[in-house]
Amino acid sequence: MAVQDHGAFIEKFILQLSSPSDPLPLAGLTFAVKDIFDVDGYVTGFGNPEWLRTHPPANQTAPAVSSILKGGATCIGKTIMDEMAYSINGENIHYGTPQNPHASDRIPGGSSSGSAVAVGAKLVDFSLGTDTGGSVRVPASYCGIFGFRPSHGAVSTSGVIPMAQSFDTVGWFARDPIVLKRVGQLLLQQPEFEHHKPTQVLIAEDCMKLSCIPSERLTQVFVNAVTKLFGGHLIKQVSLGNYVEDKVPSLKHFMIEGNAGHEHSIPSLAALARSMQLLQRYEFKINHEEWVRTCNPHLGPGISERVLEAMRTTDENIDLCRSIKVKLREALASLLEDFGVLVIPTVPGPPPELNTDVSKLHDFRAKAFSLLSIAGVSGLCQVSIPLGLYNGLPVSLSLLAKHGSDGFLLNVVDSLYNTLKQEVEVSF
């Protein structure tokens with residue numbers, strides 16, 4: 001199938017269930033799915049033509065996709081993704097790079113690039129992606145839309161090609177919080193979310209310094225909106241890095257002396273990212289080593305190096321990585337309590353330019369994974385919220401809530417966004 005429509009789609013088709021007489025929650029809405037989800041009768045391509053060639057068509061549809069179809073939405077096709085879900089850039093040498101709808105000279109973010117672009121370009125109302133190390137949150141931020149990574153294990157990953165099971169989640173994109181929430185109600189199998197106001201809003205002041213957007217510009221609109229809606233007494237500043245270092249002492253094993261000289265680096269979060277990447281590489285190897293060694297596929301730049309590194313990974317320190325996951329979730333649950341919200345930048349800044357040399361992105365990527373690893377390792381739910389354009393490029397903030405509080409977080413976004421949008425229009 002020819003690539004078209006901002007290059008978002010790898011294959012287009014119409015898939016829907018017969019409409020009953022009763023109205024359904026997603027009736028009339030269209031969606032697209034990342035080419036990592038099984039759809040009955042179609043080969044799941046995993047972003048690589050050799051994978052497509054060496055695998056048979058799926059004999060059933062992934063439950064996440066089926067749930068959305070049963071909700072009345074119409075699927076109009078599969079979207080381009082990074083090869084084997086192993087990048088946060090969104091560039092694919094085989095199928096092309098979906099065009100960022102806000103900045104055609106910038107990357108769309110990956111690995112769920114086509115799914116984000118399809119929503120950002122208004123080709124569909126919402127879309128499904130996956131998020132292992134940031135593959136929903138990053139493209140959502142870069143494309144100026146909402147992206148939701150649910151609590152780890154909250155949405156079935158059956159019928160989804162695994163990348164690294166300790167981190168894999170089924171996420172989704174939308175342009176407005178109402179659709180985001182309606183999709184979440186179906187995927188989380190909760191027809192109604194009980195309403196609770198936040199009891200505290202914790203702004204991670206050290207994480208804000210990782211962003212190249214002035215922190216007062218990022219946080220002030222959010223503080224204003226929270227103050228108007230819930231009251232300023234809820235807002236507190238925290239040093240997340242210090243808290244994590246104190247509560248998860250085993251992270252010291254992954255700390256680097258001087259922390260490699262990264263400006264504004266947070267040593268404990270940089271260590272967290274290293275532990276996440278090690279376990280991710282190990283699980284990727286377990287999942288895909290046989291196919292990689294048998295087929296020796298042609299992989300694009302960046303992807304090939306990461307896959308090769310994964311193939312060399314041993315089980316050394318893997319148990320430690322798994323222990324860190326447990327300890328971090330416990331620590332953040334204690335910090336947030338039942339109805340607390342943590343505020344961080346989604347990524348360190350606006351989307352980088354297309355075809356930027358990887359060596360020039362080293363510092364940016366290090367900061368990005370420090371931020372992304374917080375929910376990635378702990379399994380907390382996270383939503384990336386668009387804050388309009390800054391210097392003509394999309395920017396965002398993220399809210400996190402404790403594991404299992406997905407409905408609460410979706411409700412907070414729904415309640416907050418109109419007020420937040422008004423503040424953005426005044427400030428940006």
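This briefing walks through the sheet, one of its covered strands and the aromatic contacts of the structure above. Keep in mind that the model is predicted. Its strands include an open sheet of eleven with mixed pairing, and its rings form eight aromatic pairs.

**The sheet as a whole**

- Reading across the open sheet, the eleven strands come in the order E1-E3-E2-E4-E6-E5-E10-E11-E9-E7-E8.
- Strand E1 (9-15) and strand E8 (235-238) are the edge strands, each pairing on one side only.
- On average, neighbouring strands of this sheet are turned by 25° against each other, with direction ignored.
- As a reminder, strands of a sheet pair through backbone hydrogen bonds, and the pairing can be parallel or antiparallel.

**Strand E9 and its neighbours**

- Strand E9 covers residues 340-345, and six of its six residues are buried.
- Both faces of E9 are covered: Gly340, Leu342 and Ile344 are buried on one side, while Val341, Val343 and Pro345 are buried on the other.
- With strand E7 (residues 200-204), E9 pairs in the parallel sense over four bridges. Here valine 201 has valine 341 of E9 as its bridge partner.
- With strand E11 (residues 393-401), E9 runs antiparallel, and four bridges join the two. Across this pairing, valine 343 stands opposite leucine 399 in E11.
- E11 also pairs with strand E10 (residues 381-390), in the antiparallel sense and over eight bridges. In that pairing, glutamine 382 stands opposite leucine 400 of E11.

**Aromatic pairs**

- Among the eight aromatic pairs is the one between phenylalanine 46 and tryptophan 51. Their ring centres are 4.9 Å apart and their planes meet at 65°, so this pair is edge-to-face, the cut-off being over 60 degrees.
- Phenylalanine 46 and tryptophan 51 are both buried.
- Ring pairs bring Trp291 together with Phe46 and Trp51 in a cluster.
- Another pair joins tyrosine 86 and phenylalanine 284; it is tilted, with 4.8 Å from centre to centre and 50° between the planes.
- That second pair links distant parts of the chain, its members being 198 residues apart. Tyrosine 86 lies in the loop between strand E3 (74-79) and helix H3 (113-120), whereas phenylalanine 284 belongs to helix H9 (residues 267-295).
- Both tyrosine 86 and phenylalanine 284 are buried.

**A charge over a ring**

- Lysine 12 places its charged end over the ring of phenylalanine 9, at 4.8 Å from the ring centre.

How values were computed. Residues are numbered from 1 along each chain as its sequence is written. This is a predicted model: local features need pLDDT of at least 70, side-chain atom pairs count only at pLDDT 80 or more; totals for chains, interfaces and linings use all residues. Side-chain values use heavy atoms; hydrogens and water are left out. Rings of Phe, Tyr and Trp (its six-membered ring) pair if their centres lie within 6.5 Å; planes under 30 degrees apart count as stacked, over 60 as edge-to-face and the rest as tilted. Buried means under 20% relative accessible area, exposed over 50%, partly exposed in between (1.4 Å probe, protein chains only). A charge sits over a ring if NZ of Lys or CZ of Arg is within 6 Å of the ring centre and within 35 degrees of the ring normal. Two strands pair if DSSP finds at least two bridges between them. Axes are lines fitted to C-alpha atoms, for helices over the stretch in contact, and angles run from 0 to 180 degrees between N-to-C directions.
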